[in-house]
Amino acid sequence: MHLTQDKDYRFPEGFLWGAATAAHQIEGSPLADGAGPSIWTRFAHTPGMTLNGDTGDVACDHYHRWKEDVRLMRELGLQAYRFSVSWSRILPGGTGRVNRKGLDFYSRLVDELLANGIEPLLTLYHWDLPAALDDRGGWLNRDCADWFAEYGSVLFRELDGRVKKWVTLNEPWVITDGGYLHGALAPGHRNRYEAPIASHNLMRAHGAAVQAYRAEGRHDIGLVVNIEPKYPASDSSGDLAATRRAHAYMNEQYLHPALLGRYPDELAEIFGDAWPQVSDADMRQIRQPIDFIGINYYTRAVTRADDSWPLRAGSVRQPLGTYTETGWEVFPQGLTDTLVWFRDTYGDLPIYVTENGAAFFDPPVAEGGRVRDPLRIDYLRKHLRAIHDAIAAGVDVRGYMAWSLLDNLEWSLGYSKRFGIIHVDYGTLERTPKDSARWFSGIIGSHGRAL
Ligand SMILES: OC[C@@H]1[C@@H](O)[C@H](O)[C@@H](O)c2[nH]c(CCc3ccccc3)c[n+]21
């Protein structure tokens, strides 16, 4: 038996170490230089939609401080940086006229990353749909596949070659469950009939963007999904069925169409008469070959049957569990299980862990500029070890992006949750690397040996 302290956690040569952010959460200045509003600009300015009415008007002011942020990434020795582009900076009306100043912001950012030896991973869509397209039905309008392919093509033409790892969508599950079923996220709909239509159209748009990339691009493109492994609370038939429904709804609903060309059977059971008929042509468009999958992992769910709508499944708090500030159980084994499950279910497609991290109640910046975040270090260490275990089991994991580079706007929770390895003072906008950033830097420098 290996005692943990003497196990060698060295990662494979070429493993890509980085951190992740998203446009709306860090940039600020949402309407600068000709940009159009997004559904998040609109949602956050709608009274009651976000904690304390927090908006992305300033956020981390990355829109002006991007050079300093790249310098911080270099100082930490990051090899890669995952970020997203705000669609409505590029196409203020969602389609048609290109806003050159919007393109220039991202072109300069990419050049600065490359000049500092940092590989960009670009996410086309991280939830901030142009408001002009929402006015035309947004993800409920089948035309969204063409809109998204047009937007992607503008970026492919401008950046491909400098950007060699592209992501179409970040977490279609959250976009749909949050934005169309439960209404906690923009555009704030709560509709059992809309949710499956939005899901299906998002995946059609993913397929259309991959097809557009194959026509314009020469490098790699993939999809990012959040996976939350489901463990039955008991072996009762009710809990086992609920666990199966929850797994299909969150974890298979998007990977099955993207990689197998079909939806899991449980979805018709969950949505009943609201589950739409889908054509074979649609399923062929969705199942475009991709070069990698991005998996965002935070926690697991011990699952039991309940009367929740429409899933009839809920998670059970673990009395002996450790929980983060967002109420997520710290369960690193779930990441190993998720990576092995993906390989066993979908095959040897390369995997990047494109998000992993935790919000804990960090202390204020102490004298001398230290932010002690031991719980975050413990979380990251355990999850990196969990990835190493999956690699040892033969899973082809190519990289890890810590969520997040910076404390930032946690959507409807506003600025109340800090996920960053770098502290941001929202008054002064001063950045202070936390202990976790220094620790992560050492892990990267030792290729994981120091884990
Ligand atoms: O909540 C932290 C981050 C967000 O700031 C990112 O924008 C987003 O990509 C993102 N996704 C998740 C996982 C969503 C999730 C967690 C647990 C259960 C269900 C869904 C966590 N996060």
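The paragraphs below walk through a predicted model, beginning with its barrel of strands and moving on to the helices packed around some of those strands.

The place to start is the set of eight strands that close into a barrel, in the order β1-β2-β3-β4-β5-β7-β10-β11, with parallel pairing. From one strand to the next, the twist averages 25°. As general background, strands of a sheet pair through backbone hydrogen bonds, and the pairing can be either parallel or antiparallel.

We can follow part of this barrel strand by strand, beginning with strand β3, which covers residues 119-125 and is joined to β4 by four bridges, the two strands running parallel. Within this pair, Tyr125 stands opposite Leu169 in β4. Helix α7, made of residues 144-159, packs on the sheet here and touches β3, β4 and β5, while its direction makes about 160° with that of β3.

The next step leads from strand β4 (residues 165-170) to β5, and these two pair in the parallel sense over four bridges, with Asn170 standing opposite Val224 in β5. On its other pairing, β5 meets strand β7 (residues 292-296), again in the parallel sense, this time over five bridges, and here Leu223 stands opposite Ile293 in β7. Why can strand β5 be described as largely enclosed by the rest of the structure? The reason lies in its residues, which run from 220 to 226: six of the seven are buried, so the strand is largely enclosed. Buried in this sense means that a residue has under 20% relative accessible area.

Further along the barrel order, strand β10 (residues 351-356) is joined to β11 by four bridges, and the two run parallel; the bridge partner of Val353 is Tyr400 in β11. Strand β11 also pairs with β1, and five bridges join these parallel strands, among them a pairing in which Ala19 has Ala402 of β11 as its bridge partner. Strand β11 is mostly covered, since six of its seven residues are buried. Across β1 (16-20) and β11 (397-403) lies helix α16, which spans residues 435-445 and runs at about 155° to β1.

The helices also pack against one another, and helix α7, already met on the sheet, gives one example. Helix α5 (residues 100-115) packs with α7 at an angle of about 45°, and their axes are 11 Å apart. Because of that angle, α5 is oblique to α7, and the crossing of the two helices is right-handed. On the α5 side, Arg100, Leu103, Ser107 and Val110 take part, and they meet Val154, Leu155, Glu158 and Leu159 in α7. Sorted by class, this contact has five nonpolar, one polar and two charged residues.

A second helix pair is formed by helix α8 (residues 172-181) and helix α9 (residues 194-216), which pack at an angle of about 150° with their axes 9 Å apart. How do α8 and α9 run relative to each other? They are roughly antiparallel, because angles over 145 degrees count as such. Helix α8 passes α9 in a right-handed crossing. In this contact, α8 contributes Pro172, Ile175, Thr176, Tyr180 and Leu181, whereas α9 contributes Glu194, Ala195, Ala198, Ser199, Leu202 and Met203. By class, the contact between α8 and α9 has eight nonpolar residues, together with two polar and one charged.

How values were computed. Residues are numbered from 1 along each chain as its sequence is written. This is a predicted model: local features need pLDDT of at least 70, side-chain atom pairs count only at pLDDT 80 or more; totals for chains, interfaces and linings use all residues. Side-chain values use heavy atoms; hydrogens and water are left out. Axes are lines fitted to C-alpha atoms, for helices over the stretch in contact, and angles run from 0 to 180 degrees between N-to-C directions. Angles under 35 degrees count as roughly parallel, over 145 as roughly antiparallel, 65 to 115 as roughly perpendicular and the rest as oblique. A crossing is left-handed if the near helix is turned anticlockwise from the far one by less than a right angle, and right-handed if clockwise. Contact means heavy atoms within 4.5 Å. Ala, Val, Leu, Ile, Met, Phe, Trp, Tyr, Cys and Pro count as nonpolar, Asp, Glu, Lys and Arg as charged, and the others, Gly among them, as polar. Buried means under 20% relative accessible area, exposed over 50%, partly exposed in between (1.4 Å probe, protein chains only). Two strands pair if DSSP finds at least two bridges between them.
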